[in-house]
Each structure stands twice: as C-alpha cells, then as structure tokens.
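This report describes a protein chain for a reader who is beginning the study of structure. Please consult the sequence and the three-dimensional view while reading.

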Amino acid sequence: MRKTDNSLQKQLRKRAKNLAQAGYSPIPVHGNSSPAEPKKPAVNWRIYQNRIASAAEIKRGFKEKVTALGIVCGRVSKLMVIDFDDVLRYQRFCRHLPQYSETYTVKTKRGFHLYFRTGEKVPSHQFDGGDIKAERSYIIAPPSRIGTFVYRCVKDVIECELTKTDVNQLLKYFHVNALTHAPAGKRIRETKDLNLKRLYRRLAPRIGRNNALYRVAAIARESGIAKADTENQLIKLHAETPSHPGHRYETASERWQEGLRTIESAYGNSGLPNKGRDGLPNSVRERLLKAQRSTIVARLLDIFALAGWETDAYFTLKEAVNLGKEFSLNRKSILQALTGDLSIYDGRHIISRRYVEYLDIKGLNSRKRGRPVELAFQVPSIARLMSVLNVGRSPSDRLRIEDVRSAKLYRMAVHREYIHRLSPRSSLSILAGRVGVNERTIRRYNRALGVTLTACVGRLKLTREALASLPKRGWRAGKNTTSGFWLETADGSRLPAWRHVGARLLRAGDGSANICVRHASVFSLGVELRPAFQFENVSVRQFARLLVLRGEAANDGGLIGRLGNALDAARGRAAALRYERVQLFFDSVERRIADDKVAETISGYLFARDDSGAEVRRPARRGIAYRMLKEYGNGNVYLALRSSYKDVVVSLARHALQAGDAEQGLDLLARTLA
C-alpha cells in the first residue's frame, strides 16, 4: 500500500508541474488523507486564484498523504468547467449542443467534467443537474483518488476554445444569467459621427434603394436620431440615386414621396430592427413561398425566432413537434419540413442535421452500444438560409404569434407588412407571386386587410408627333381592344388607341383628346385615404418606350416578352445540365457517397422512380442509398451531382437579361447549351 501511495504522489506531482507549465493553476487536495473533507484543498488556495504556483510550492504542497489534485478555474487558468452530476443531463447536453461536447472530458463519480478554455470573466453558477465552475472555484482533476474512485480522462482531446458568444450560448442553455454585454445597437448609438449617407451609399448597390433607405432609417431611429433629421440627410440622396436598369421610370416627385413613406414606415414599425435574435428576412420568406407553394418551412423558421431558439442550436424531432403544437403546426407538417420533400431546396437541406450517438449509463459509448443513434437538427442561421436559397439580405418584417397559426394568416401577414412598410406601386401579379398565390386570392387579402388601391393613369395629349407612336392594328389584333392603353375624348368616351383611330380624331379637329396608359397601382395600408385615380403626365418618348416593352409596337410579344420566352426555354434545357446523373449499384455506393456521419451532402441528392413513375428524392447519404437500392432495385437509383460551372453561367445569363443586356445574356446561355 505504501508503494502504491508513493506512485500516486509522483503522478500527482508530475501532473501538477505539467499543468502549471501549460498555464493552469494546480492546487493539492486532501483526498483520502481527510475522509471527512476529501475535496478540501490542502493549502490556502485563494492566493492561486491570481497566480500559478511555482515548482517549489508544488513540491511542498503535494505531501505524502495528499491523494487528489485540483485546478483553479477562472481567468487565472483561462478555464471554465461544466460539472454534470446527472448522466442523463449530460446526454441531453450532447444531443442539443454536440458542437461543445467534443472537448476534454473527465469521468467523475456521479457524472462528467467538460473543460473549456476562455479568457472571459464567467461567474460560477448552479443549474439543474450540475454546476458551472469558473471564477472563485476549483475542480478535482485526474489522476486524483477519493475513496476507491479514480478520476480519469475519457475523452483526451484539446479543450474547446470559447468566445464571448459561445459562453453566452452555453449560459443561456443552462438558464443562467449570461455575461453582461452591450446590446447590438449600443455601439452605433454611442458613435457620434454616424454617417447615414455613407451607410446608404454602401447598402443601396447591394440590396436596392428602397431596402437600403428602410434599413438606414431603422438604424437612425434606434440610434436616437429624429425623423426630420433623417429625412433631411437621406431624401435628396435617395431621389438622386439611379435605380435598377429594369426598374420602371419614376419622376423626382415620385421618388421623393416614396422616400418619405419608407422613412415613415421605418420610424412607425417599433418591431424593427429585431431585438434579440434576428427575424427571418423577407427575401427568405418570399423564396420559400414561391418555390415550394407551401408555408410550412417558412412558418417553422419564423416559429424558431418567435420561440427564442438560438441559431446553430441543435434540437430533436420530438422537441420540434412539441414546439409546433404550441403554434398550431401539426406533426405531419413538421416531418415534411425536416425530413420530407419540403426539407430540400436545390439539392441541399434547408435545416441541416447530423446523427448524434447516445451515451450509455457507464459513460462514453466507445463500443457503440446502448440506444441507437438519433437524428438531430440545427436551427439555421440567416447566413446559411441565404446561402442555401441563393437570396440576398433584406429587411425582416416582425410577425406576431397569431400570424403563424395557419397558412392563410401567414401569407396575409407577409402581404400586410409589405404593403404597410412600402406602400408599393406594383401590379397584382407581382404581389401574388411574392406569397405564392394567384391574383384572385390577393384581391381577397386586400379586402380583408382594408388595403386602399389608387389606380395610376398616364396621360399624353394627342398630337401629330404622338400619333406616330401609336401602333397599327394588325390582322390578328382585336378590333376594339388595346390592352393597357386607350384614347379618351373630351366627353370622357374611351376608344381603342390604334393609329387610324387617332388620325380620325385629329382630322375631326378634336384637339382635347388624350392618350391614356395604365400604370401600376399604388397599394397602401394604415395611411390617409387616397384618391381612386391618380393622373400623371408622360412624354411621347416615355409612351413609346412603354409600348416597346409591352410588345404593342410590333405585335410580336415585345422585347421583354421575347427575352423572357428565350430565357424560359433556355432554363428548361439547362435544367438537365445543372446536375450530372450517376447510376448507383451496391458496390459503388461506398465510392460515390461520403460516410453517414457527414452533416449533409451539398453536391447533390439521390433520386429514383416509384411504381407510378413519380420521382422520389432523398438526401445523398450512404445509408439512405443502400435502403433505396433495396427498395427500388440495384441500378435503379441515381446520384444527381451539381455542375457548378453551368449553374454559375446560367445565373450570370439571367442577371444580364434582367439588366437589359440581351446580347451578353443570350451568348452566355448559348455556352451552357453547347
């Protein structure tokens, strides 16, 4: 027994020296030398909260009877330890936050110690099932012996480095007070030289004029800047900033009024910018609603934000189902969003996942025994959503809990906030496309919400010069119809705006006749009543440009129509080229697909044809591939691999056509189809 004690003393002394050299503050602990207080330090350990013991102090401290070693936590050792006294609590932590479970781990008598390195000042806390050891505390470290139990390392890896954000996330998980820090807008409020113009110039080319104005105005409001000062700095700049080449023509007064409405909306919407977790960007909502023709995934992502779930936190299917019940989202919808057809966009998982292994009652499941693995999901960050859905950053309209109770209420809320924020000048088809419904449904939404519509009509006096811009009636055209524009006489009569009809009016000496053209209507909500009609003066050049864009000048579908048809045809032909199809067999799965432990495969997906001929898509995982081969037959399953070069070229061609550069856009499309 004496030799065993001497051997333990040498181990403790050597371990303490190594810890001191590594930057930890070791202290001797009584252990078995004091059965009444085995975890009490054998020295005055408070002095070692500020400095590390020297080699001589370590030699004197670890006497023959000492059988345990302690490490002082806190800033002196840059160490924070999570002490789990409950094994089930530790297992739950590994399932929910597996990114923090891969750190140096010690098996204790009742649970586990997880070591983390951080330079933050973290106060020690207690939580249900354990403690957080940091400032003014210490822990027992290997190879300490207390009674018959020996502390041992069960996961010998480098300690996980924690930033301030990581520490806050861990503290919030254990429902203890997070580190005190300034709110997101604090730094901006304290900045005396906040330059709103410079911020607007930087954001406008990236997210658009209106979105940039709204975001800068919201920042100014949060910074305590008066609305009048914001208008003085931004309105003129907003009116002078050129719009997108494909945007409709706007007069200076229209831009001025548009800017005033946007700033008014930013100052009136107290929910933006979001405090706490960022809400779901409008661009993400619109992409999901249009692409999936379903609100399930968008509602689930908004529910995460409303429930206060932190980004990158892991959760199980059961937790998601329980959360969905609180917001009237049933289990079937949750399964569709997490594991069904709605969970994948363009071959990638919208909500990423990974397989997490349970731990058995004795500690780490090194032999893969115990309960089977479970699929854990991760709350997606805004950056990940924008990457997967290929959208840019945009403002986030704050929704209420009542807005996510059903698909109809959700679409109405997205439509309502858009109208309230911008009072847009748009068409019904564009508004319907934003939320994935038809124009008839948008009309019902407008009636239910009390949206005010102002029809905008452009007027041009009928003269010899203007007559030349009117189209000739072709043999395929209707006799009494000119869609979107007409001739109006002095008595209010409306006539088709054909060139021969206008010539007849001029020959009759009707000098008060006007050419009228229908512009996009203005939709408003929560503002003063607007007139039913709003007349605007247009020039001959503007009117001719509108006819060319609409295709009325040549009766051939118009420039935009021809380019749109060409782009649609090219997209259909290029869709098959964006993915390369690889046939799978049982002996080729291991070579083609990565291991199941990979979080997700972003380069493609698995697909097969069922008995009805419908295509079945699944994530590109090795285990799923084997199951599909058993179900659909060897060689009847395919792996679709993304062709990144062609995908980029098609995207560039789309932007070129939308910008009006038809020659470059069609040339790029020709390259992809060659």
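## Salt bridges

The structure discussed here is a predicted model. Searching the whole structure yields 14 salt bridges. Three of these pairs are described below, together with the exposure of their partners.

One salt bridge links Lys-40 to Glu-37, and the closest N and O atoms of this pair are 3.6 Å apart. Lys-40 counts as partly exposed because its relative accessibility is 42%. Glu-37 is likewise partly exposed, since its relative accessibility is 41%. Both values fall between the limits of 20% and 50% that separate buried from exposed residues.

A further salt bridge is found within helix H18, which spans residues 439–449. Its partners are Arg-443 and Glu-439, with 4.0 Å between the closest N and O atoms. The two residues lie 4 residues apart, about one turn of the helix. Arg-443 counts as partly exposed because its relative accessibility is 39%. For Glu-439, a relative accessible area of 33% is the reason that this residue is partly exposed. Elsewhere, salt bridges that share partners join Arg-400, Asp-403, Arg-416 and Glu-417 into one network. Within this group, the closest N and O atoms of Arg-416 and Glu-417 are 3.0 Å apart. Is this pair buried or exposed? Arg-416 and Glu-417 are both buried.

## The protein as a whole

The protein has 674 residues, of which 49% count as buried. Its secondary structure includes 26 helices and 28 strands. The protein exposes about 34,800 Å², and carbon and sulfur atoms supply 50% of that area.

Contacts can also be sorted by the separation of their partners in the sequence. Among contacts with a separation of 6 or more, 73% are made by residues 24 or more positions apart.

## Strands and their pairing

Strands E1, E2 and E8 form an open sheet in the order E1-E2-E8, with antiparallel pairing. Strand E1 (25–29) and strand E8 (138–141) are the edge strands, as each pairs on one side only. On average, neighbouring strands of this sheet are turned by 35° against each other, direction ignored. Strand E2, covering residues 68–72, is joined to E8 by 4 bridges. One residue pair can be located in the view: Val-72 has Tyr-138 in E8 as its bridge partner.

Strand E7 (residues 130–133) pairs with strand E3 (residues 79–84) through 4 bridges, and the two run antiparallel. Here Val-81 has Lys-133 of E7 as its bridge partner. E7 is also joined to strand E6 (residues 125–127), in this case by 3 bridges, again in an antiparallel arrangement. The bridge partner of His-125 in E7 is Ile-132. E6 and E7 form a hairpin with 2 residues between the strands, where Gly-129 takes a positive phi near 110°.

## Helix H13 and its two sides

Which residues of helix H13 are buried? In this helix, which covers residues 317–326, Ala-320, Val-321, Leu-323 and Gly-324 are buried. These residues are on the same side of H13, because they cover an arc of only 165° around the axis. On the other side of H13, Lys-318, Lys-325 and Glu-326 are exposed.

What covers the buried residues of H13? The cover includes helix H12 (296–306), strand E13 (314–316) and helix H14 (331–338). After H13 comes Ser-328, which has a positive phi near 65°.

## The surroundings of Tyr-200

Tyr-200 is located in helix H7, which comprises residues 196–207. Tyr-200 counts as buried because its relative accessibility is 1%, and the limit for a buried residue is under 20%.

Which residues is Tyr-200 in contact with, leaving aside its neighbours within four places in sequence? They are Arg-209, Ala-212, Leu-213, Val-216, Leu-234, Leu-237, His-238 and Thr-241. In the case of His-238, a separation of 38 residues in sequence from Tyr-200 goes together with a C-alpha to C-alpha separation of 8.5 Å in space.

Methods: Residues numbered from 1 in each chain as written. Predicted model: local features only at pLDDT ≥ 70, side-chain atom pairs only at ≥ 80, totals over all residues. Heavy atoms only, no water. Buried < 20%, exposed > 50% of the residue type's maximum accessible area, 1.4 Å probe, protein only. Arc of directions from axis to C-beta. Contact = heavy atoms within 4.5 Å. Areas by Shrake-Rupley, 256 points an atom, 1.4 Å probe, with all protein chains shown as cover. Salt bridge = Lys/Arg side-chain N within 4 Å of Asp/Glu carboxyl O. Pairing = 2+ DSSP bridges. Axes fitted to C-alpha atoms, helices over the stretch in contact; angles between N-to-C directions.
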